[in-house]
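Here's a small set of exercises to work through with the model open in your viewer. Try each task before you read the solution.

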Amino acid sequence: MNTNKKIATIIGARPQFIKHAILEPELKKHFKHISIHSGQHYDAEMSKVFYEELGIDLPTYTLNTKGTSHGEQTAEILIDTEKILLAEKPDMILVYGDTNTTLAGAIAASKLNIPIAHIESGMRSFNKNMPEEINRILVDHLSGLLFVSSDQSVEQLKKEGIYSNVFNCGDIMKDLIFAIIEKGLLHRKAMPTDIIYCTLHRPYNTDEPDRLKYILDQLNHLNKNVVFPIHPRTKKMMTKFNFHEENFTNIDFIKPQSYINNLNYLYNSVALVTDSGGMQKEAYFLKKRCITIRTETEWTETLNNNWNALIFKNLAQINQLLELPLGSWNKKLYGDGNARKIIIDEIINYFK
Ligand code: UD1
């Protein structure tokens, strides 16, 4: 059904381009759709490559966000997004996850009484030192439609007094992974195998020289070689602290990868070591063991049966964690790869 409603998607960070890639074609079938790129991630390797590889429409608007602090970044996106929303008058905005872009977009819309649909709602780390935790709590409480990935998130929202318009649609990233698998884009050609794949970008792991050095030293002592696509934040910090890639001989530092390349590295690895949220799920969906360098995870269900393990202080134990036996794997975790259909149906219902 093609409605006359206009939806504005607001995205700006790498994980959001990925999620939007699989939903956008469906949005375009049913609504007038515009998209705003906040400019939070601006390097080609963090943004353009995903638009090209995943066939995402160029943004209707691209903001020129320069903010150096979280507050400044959020404020700049808010101010510019408000202007666009005033001119475009969408019937709803759609945001993903927990980044500063998500928060800025949601505040701009809420001030104009534009309903907000929040995808990946209800996630909590219970660590309010993470900017993402604040962002997701605030956005959930501003949203009119909340799409969650698991029953646990439904329960969490209830605890916070949010009962209505909460839909467990499963995880939209599962939709995309299934689509990639169906297209035969996962392969074993010319990929390093028997490696640990590693991603790292959380400020608490990267922004203190002692902490970053400790993590890199530990990765350098793993029993297998490490392939490490380096996030701009982490690269910036290594340069600032005068850490040289060539001093970590067990680590192969590579540039940030496109979505499909990234999945193929993971698919060919023996395990993932990460502090990313989304990568923990991708590892699970691809039946890869994950070690998460954090004190907590939003994706607690992945911890079952040793598929994921949290470790923060004594990273020397990673080698032992990599040997733990893996238990059964839940094919149905975070839905069945049909989140986008539920999202579209419920948005249509909302307008009825
Ligand atoms: C952001 C999100 C995080 C998400 C991550 C995915 C927030 C609070 N954090 O963290 O939840 O997991 O994206 O990558 O929104 N930079 C570049 N080039 C770029 C992008 C960033 O050089 O293309 C630099 C920025 O200038 C900044 C640093 O990297 O110095 C961090 O970028 P920022 O967008 O603030 O946060 P992320 O750490 O990427």
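**Exercise 1: two asparagines in loops**

Asn305 sits in the loop that links strand 12 (289-292) to strand 13 (308-310); helices (H or I, at least four residues) and strands (E, at least two) are DSSP runs, numbered from the N terminus. Before going on, note that this is a predicted model, where local features need pLDDT of at least 70, side-chain atom pairs count only at pLDDT 80 or more, and totals for chains, interfaces and linings use all residues. Residues are numbered from 1 along each chain as its sequence is written, and side-chain values use heavy atoms, leaving out hydrogens and water.

Task: work out the sign of phi for Asn305 and Asn165.

Step 1. Asn305 has phi near 60 degrees, a positive value in a residue other than glycine.
Step 2. Asn165, in the loop between helix 6 (151-159) and strand 7 (166-168), also has a positive phi, about 55 degrees, and isn't a glycine either.
Step 3. Check exposure: Asn305 counts as partly exposed at 36% relative accessibility, and Asn165 counts as partly exposed at 33%. For the cut-offs, buried is under 20% relative accessible area, exposed is over 50%, and partly exposed is in between (1.4 Å probe, protein chains only).

**Exercise 2: two polar side-chain pairs**

Task: find which side chains Thr300 and Gln40 pair with through polar contacts.

Step 1. Thr300 belongs to the loop between strand 12 and strand 13 and is partly exposed at 29%.
Step 2. Skip residues up to four places away in sequence, and Thr300 touches Gln152 and Tyr334 (contact means heavy atoms within 4.5 Å).
Step 3. The side chains of Thr300 and Gln152 make a polar contact of 2.7 Å. That term covers a pair of N or O atoms within 3.5 Å; within protein, one must be able to donate a hydrogen and the other to accept it, and residues adjacent in sequence count only if both atoms are side-chain atoms.
Step 4. Now Gln40, in the loop between strand 2 (32-37) and helix 2 (48-54): at 14% relative accessibility, Gln40 counts as buried.
Step 5. The side chain of Gln40 has a polar contact of 2.7 Å with that of Thr101. Beyond four places in sequence, the contacts of Gln40 include Gly12, Gln73 and Thr99.

**Exercise 3: a helix pair**

Task: at what angle do helix 7 and helix 11 pack, and which residues make the contact?

Step 1. Helix 7 (residues 172-182) and helix 11 (residues 259-268) pack at about 80 degrees, their axes 12 Å apart. Axes are lines fitted to C-alpha atoms, for helices over the stretch in contact, and angles run from 0 to 180 degrees between N-to-C directions.
Step 2. Helix 7 and helix 11 are therefore roughly perpendicular (65 to 115 degrees).
Step 3. Helix 7 brings Leu176, Ile177 and Ile180, while helix 11 brings Tyr259, Ile260 and Leu263.

**Exercise 4: around the ligand**

Task: which polar atoms of Asp43, His231 and Arg233 lie by ligand oxygens?

Step 1. The ligand is surrounded by 19 residues, with His41, Tyr42, Asp43, Glu132 and Arg233 the closest (a heavy atom within 4 Å qualifies a residue).
Step 2. For Asp43, a backbone N or O atom is 2.8 Å from a ligand oxygen.
Step 3. For His231, a polar side-chain atom is 3.0 Å from a ligand oxygen.
Step 4. For Arg233, a polar side-chain atom is 2.8 Å from a ligand oxygen.

Conventions
Angles under 35 degrees count as roughly parallel, over 145 as roughly antiparallel, 65 to 115 as roughly perpendicular and the rest as oblique.
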